[in-house]
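Hi,

Here is the model I promised to pass along. Have a look at it first, and my notes follow underneath.

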Amino acid sequence: MKQVVIVAPQFPPCNLTAGHRCRYFATHLPKFGWQVKVLTVEPSYYEEKLDYELEALLQPDLEIIRTKALSTRPLRLVGDIGIRTFWWHYQALCQLAKQQKPDLIYIPIPSNYSALLGILLYRQFGIPYAIDYIDPWVNTWPGCEVVFSKAWFAYNLSKFLEPIALQSVSLITAVAPGYYEGALKRYPWLDSVECVAMPYGVEATEFEYLDHHPRPPYLFAPDDGNFHIIYAGAMLPKAYSTLEALFQALCLLKKSQPELAQKLKFHFVGTGKDPSDSEGFNIKPWAEKYQLLDMVTEYPARIPYLDVLNHLKNAHAVLIVGSPERHYTPSKIFQAVLSYRPVIALLHKDSTAVSILKQVNTGTVVGFDEQRTVDLCVEEIAQALERVIKLTYSTKDINWDAFYAYSTEAMAEKLAHAFNLVIDHKQ
């Protein structure tokens, strides 16, 4: 069996999206001929609130190597976990290379800085490496145009470091093609590099775990006569135009159908400025602006992952708020479908998530683009909300055969095939 080391500074009990993707691959890759070792960090070095129940979802025989990192206590010199673990991860990889020489090193980003470990190990030991773009590396985040700002430094540093990390890469993977297409345009030498897009995928065993470990929801009462709609996850910096369009649609419903609107209750969970700050509101100021505090509630801090899934199960519908970027492919669409609740998705029409939701046949999608921008879709969003409230939702209508193609097992099989191509090429 071939061996791959997944470099995952964010890994359970850390409750971040990158860790979940690594967990999925670590679970299923052995079925397709790849033994997995996960290189991560001791939990005491995480700044985020830890979720130890996530460890119950890991394979019992999974080999996990946990290293030290630069601590943020008592003095926080550096926050990025990839920088703080870099030296210890480099040492651990060198030791593995000398003792076992793994066939491949797989590095999901973020943290982007961990990607530099690949080129270092390749130059020193000749071990091929692959990089997985969970997010684009070089990206124009709000504020990066302000010279000498934190965002400006991060943006310019990304332009300097990305080509170094990709210099000898053997494989590039991503959540969707748009996540690595920018890199392909910037660096001509990547024309010969294999590139594979794999969505996050859906892991049914997570909901099966909840079936065996039931717990009541604590953010709302499902049987209080209201229609509860939940959005769970970070708020994208570029998605506030979509949020505004949603709130304008709610204002429209309040005027045209006040009785129906009165039953609508939106819950935004984990959308705050900081995952551990229960007062770092991002959504609440917008709800105040549109006078929607009777309909919209924000819980800024991140709650445990399995509790998120449990609230999806107990809501009446699941909301997805996308950005104007066509490459954005939210991982939450898969959990939304498996929650057996209708999905209301506000996305760029070319997002791969749109085609997935249409193939699976669940919920309602409002698509926008550069010509028909989201602010022109307010009435359509209001109509979509009305339809979801009034429809009789049945999971029998879901195309489960199409959905399996997006399972985490299917994604791992696709990844294993790509790994095999790298090894065959090397030989």
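Some terms before the sheets: two strands count as paired if DSSP finds at least two bridges between them. Helices (H or I, at least four residues) and strands (E, at least two) are DSSP runs, numbered from the N terminus. Keep in mind that this is a predicted model, where local features need pLDDT of at least 70, side-chain atom pairs count only at pLDDT 80 or more, and totals for chains, interfaces and linings use all residues. Numbering starts from 1 along each chain as its sequence is written, and side-chain values use heavy atoms, with hydrogens and water left out.

One open sheet has 6 strands in the order β10-β9-β8-β11-β12-β13, with parallel pairing. At its edges are β10 (296–299) and β13 (364–368), each pairing on one side only. Neighbouring strands here are turned by 20° against each other on average, direction ignored; axes are lines fitted to C-alpha atoms, for helices over the stretch in contact, and angles run from 0 to 180 degrees between N-to-C directions. Helix α13 (378–390) packs on this sheet and touches β8, β9, β11, β12 and β13, contact being heavy atoms within 4.5 Å. The direction of α13 makes about 170° with that of β13. Strand β9 (264–269) runs parallel to β10, joined by 4 bridges, and V269 sits opposite Y299 in β10.

Then there is an open sheet of 7 strands, also with parallel pairing, ordered β3-β2-β1-β4-β5-β6-β7. Here β3 (63–67) and β7 (194–197) have a single partner strand each, so one side of each is left without a neighbour in the sheet. The twist averages 20° from one strand to the next. Within it, β5 (129–133) and β6 (171–174) pair in the parallel sense over 4 bridges, and A130 stands opposite L171 in β6.

Cheers
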